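Got the viewer open? Good: follow along, select as you go, and we'll walk from one stop to the next.

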Amino acid sequence: MAGSAHGHTPAAWTGVIISFIGFCIAGVFMVAANVPGFWAGVGVIVLGGIVGGAMKAAGLGMPKESETVAAARAAATESARARV
């Protein structure tokens, strides 16, 4: 899985960082027994998903795989299986 570059994009990193900050906010306010602060943290988590999705739509996510690349990947997989 490490060779696939799964999630190594500005959109993914930004969405995860914003969501992580939201989890931290929600966690602090949960311990402090502050319900509005907790829900504000949950709102930041949702915002992270929205920002990540918007950045992906703007072209900062993983590019779609072309037909040529998909065919080459399938052929390479078949030849690797045939050698084993």
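Start at the beginning of helix H2, by selecting Asn 34 and Gly 37: a side-chain oxygen of Asn 34 comes to within 3.0 Å of the backbone nitrogen of Gly 37. That is a polar contact, meaning a pair of N or O atoms within 3.5 Å; within protein, one must be able to donate a hydrogen and the other to accept it, and residues adjacent in sequence count only if both atoms are side-chain atoms.

Some housekeeping before moving on. This is a predicted model, in which local features need pLDDT of at least 70 and side-chain atom pairs count only at pLDDT 80 or more, while totals for chains, interfaces and linings use all residues. Residues are numbered from 1 along each chain as its sequence is written, and side-chain values use heavy atoms, with hydrogens and water left out.

Now color by pLDDT, the predictor's confidence in each residue, from 0 to 100. The protein averages 87, and 90% of the residues score at least 70. Among its elements, H1 has the highest mean pLDDT (95) and helix H3, residues 67-83, the lowest (80). Helices here are DSSP runs (H or I, at least four residues), numbered from the N terminus.

**Along H2**

Select residues 35-60 to get all 26 residues of H2. From first C-alpha to last it reaches 35 Å, close to the 38 Å expected at 1.5 Å a residue; the expected span is 1.5 Å times one less than the number of residues. Next, highlight its buried residues: Gly 37, Gly 41, Ile 45, Gly 48, Gly 52 and Met 55. Buried means under 20% relative accessible area, exposed over 50% and partly exposed in between (1.4 Å probe, protein chains only). What covers these residues includes helix H1, 10-31.

Stay on H2 for the rings. The structure holds 1 aromatic pair. Phe 38 and Trp 39 form it edge-to-face, 5.1 Å centre to centre with 75° between the planes. For such pairs, ring centres of Phe, Tyr and Trp (its six-membered ring) lie within 6.5 Å; planes under 30 degrees apart count as stacked, over 60 as edge-to-face and the rest as tilted. Phe 38 is partly exposed at 23% relative accessibility, and Trp 39 is exposed at 53%.

**Across to H1**

Which residues of H1 are buried? Select Ala 11, Gly 15, Ser 19, Gly 22 and Ala 26. Looking down the axis of H1, you'll find them within an arc of 55°, so they line one face of the helix; the arc is that of the directions from the helix axis to the C-beta atoms. These buried residues pack against H2. Spin round to the face turned away from the buried side, and you meet the exposed residues Trp 13, Val 16, Phe 20, Val 28 and Val 31. The end C-alpha atoms of H1 are 32 Å apart, in agreement with the 32 Å that its 22 residues should span. Just after H1, click Ala 33, where phi is positive, near 55°.

**Last stop: Thr 9 and Leu 60**

Thr 9 sits in the segment before H1 and is buried, at 8% relative accessible area. A polar atom of the Thr 9 side chain lies 3.1 Å from the backbone nitrogen of Ala 12. Leaving out residues up to four places away in sequence, Thr 9 touches Leu 60, Gly 61 and Met 62; contact means heavy atoms within 4.5 Å. Hop to Leu 60, in H2, which is partly exposed at 38%. With the same sequence neighbours left out, Leu 60 touches Thr 9, Pro 10, Ala 11 and Met 55.

Definitions and conventions
Helices (H or I, at least four residues) and strands (E, at least two) are DSSP runs, numbered from the N terminus.
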